[in-house]
Amino acid sequence: MDKLIITACICGAEVTKEHNAAVPYTVAEIAEEARRAYEAGAALIHLHVREDDGTPTQSAQRFAVCIDAIRAVCPDVIIQPSTGGAVGMSNDERLQPITLNPEMATLDCGTCNFGGDEIFVNTENTIIEFAEKMNARGIKPEIEVFDKGMIDMALRLHKKGYIKGPMHFDFVMGVNGGISGEPRDLLFMRESIPAGSTFTTAGVGRFQFPMVTMSMLLGGHARVGFEDNIYLSKGVLARSNGELVEKAVRIANELGRAIASPDEARDILGLARK
Ligand code: KMH
Ligand code: ZN
């Protein structure tokens, strides 16, 4: 089994300081949360950025400043900007961070209810546009799928040449509108991707640690962080993303799964070093 790549999704676009005061907004807070996650064992930072007041933004300039600040404290970590941004953003707005030519970025492969009246819109043409623009820059997509049908969409676009292999998936389990986070759900997702693909698993809320544990057992990778879950255990708020990464490392140690360094993660994911 490959070493375990731990992704820290430190900030997200929807979670706020009202949910957990440790959610980072400012450049300094984002860099500090990245540092804590990295020092605890994260090889990859899935990055959203905010204005100082917490408003989500996809501004390339804000991403550049945050990436520089993260690089200063985590020199070799893989930084994966979100192209999902926040619900309601336009495609052009969402695509801004790819102009910085990151090693990776997310590619969301379908439309999904996000609770209440929120809909995260990714039409087929949007997915193709994002994939082509990422291909042109040599950016490896992390294929974010919130439901099994989104895997099928990714496989269709792979067949048509828009998404290159080997593919790397992120199974997001437990969004209010997507697939749930029961063991059978993760087995179904894992069995639906082609041999030779890699996957990480993100469980939302109470599904975070059950899903990452199962992912570790299945040979997948693990994503933890405030974007998906703010609790260390039932009713106990995590004080930083670092605590969530530490917990994932403890579980991996118990299961005998070694932790990948950023460069080992690059080899596993086939990333072109930039
Ligand atoms: N904030 C969600 C609407 C991604 O990063 O690519 C979308 C999201 C997915 O977080
Ligand atoms: Zn995200």
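1. Start with strand S6. Met104, Thr106 and Asp108 point one way from S6, while Ala105 and Leu107 point the other way, and all of these residues are buried. In a regular strand, side chains alternate between the two faces of the sheet. The strand as a whole is mostly covered, with 5 of its 5 residues buried. Please keep in mind throughout that this is a predicted model.

2. Which strand pairs with S6, and in what sense? Strand S9, residues 140-145, pairs with S6 in the parallel sense, over 5 bridges. Within this pairing, Asp108 stands opposite Glu144 in S9. Strands of a sheet pair through backbone hydrogen bonds, and the pairing can be parallel or antiparallel.

3. Next, the sheet. S6 belongs to an open sheet of 8 strands, in which the pairing is parallel and the order is S5-S2-S1-S12-S11-S10-S9-S6. The edge strands are S5 (78-81) and S6 (104-108), each of which pairs on one side only. From one strand to the next, the twist averages 25°. A student tracing the sheet can begin at S5 and follow the order through to S6.

4. Another pairing in this sheet is worth locating. Strand S1 (residues 6-9) is joined to strand S12 (residues 221-224) by 3 bridges, and the two run parallel. Thr7 in S1 has Arg223 in S12 opposite to it.

5. Now the metal site. Which residues coordinate the zinc ion (ligand 2)? His46 and His48 each do so through NE2, and Glu227 through OE, at 2.1 to 2.2 Å. The spacing of these donor residues in sequence is H-x1-H-x178-E.

6. Are the two histidines of this site buried or exposed? His46 has a relative accessibility of 1%, so this residue counts as buried. His48 has a relative accessibility of 4% and therefore counts as buried too. The cut-off used for both is that buried means under 20% relative accessible area.

7. Last, the largest pocket. Rolling a probe the size of a water molecule over the atoms shows where empty space is left. The largest pocket has a volume of about 580 Å³. Its lining is made up of 30 residues, and those nearest the centre are Glu14, Phe114, Val175, Val204 and Glu227. Glu227 is also one of the residues that coordinate the zinc ion (ligand 2). Sorted by class, the lining has 12 nonpolar, 11 polar and 7 charged residues.

Key:
Residues numbered from 1 in each chain as written. Chains lettered and ligands numbered in written order. Predicted model: local features only at pLDDT ≥ 70, side-chain atom pairs only at ≥ 80, totals over all residues. Heavy atoms only, no water. 1 Å grid on protein atoms, 1.4 Å probe; cavity = no way out; pocket = protein on both sides within 12 Å on 5 of 7 lines; lining within 4 Å. Points joined across faces, edges and corners; volume = space filled by probe spheres on them. Nonpolar A, V, L, I, M, F, W, Y, C, P; charged D, E, K, R; others polar. Donors = N, O, S within 2.8 Å, 3.2 Å for Na, K, Ca; no water. Buried < 20%, exposed > 50% of the residue type's maximum accessible area, 1.4 Å probe, protein only. Pairing = 2+ DSSP bridges. Helix = DSSP H or I, 4+ residues; strand = E, 2+ residues; numbered from the N terminus. Axes fitted to C-alpha atoms, helices over the stretch in contact; angles between N-to-C directions.
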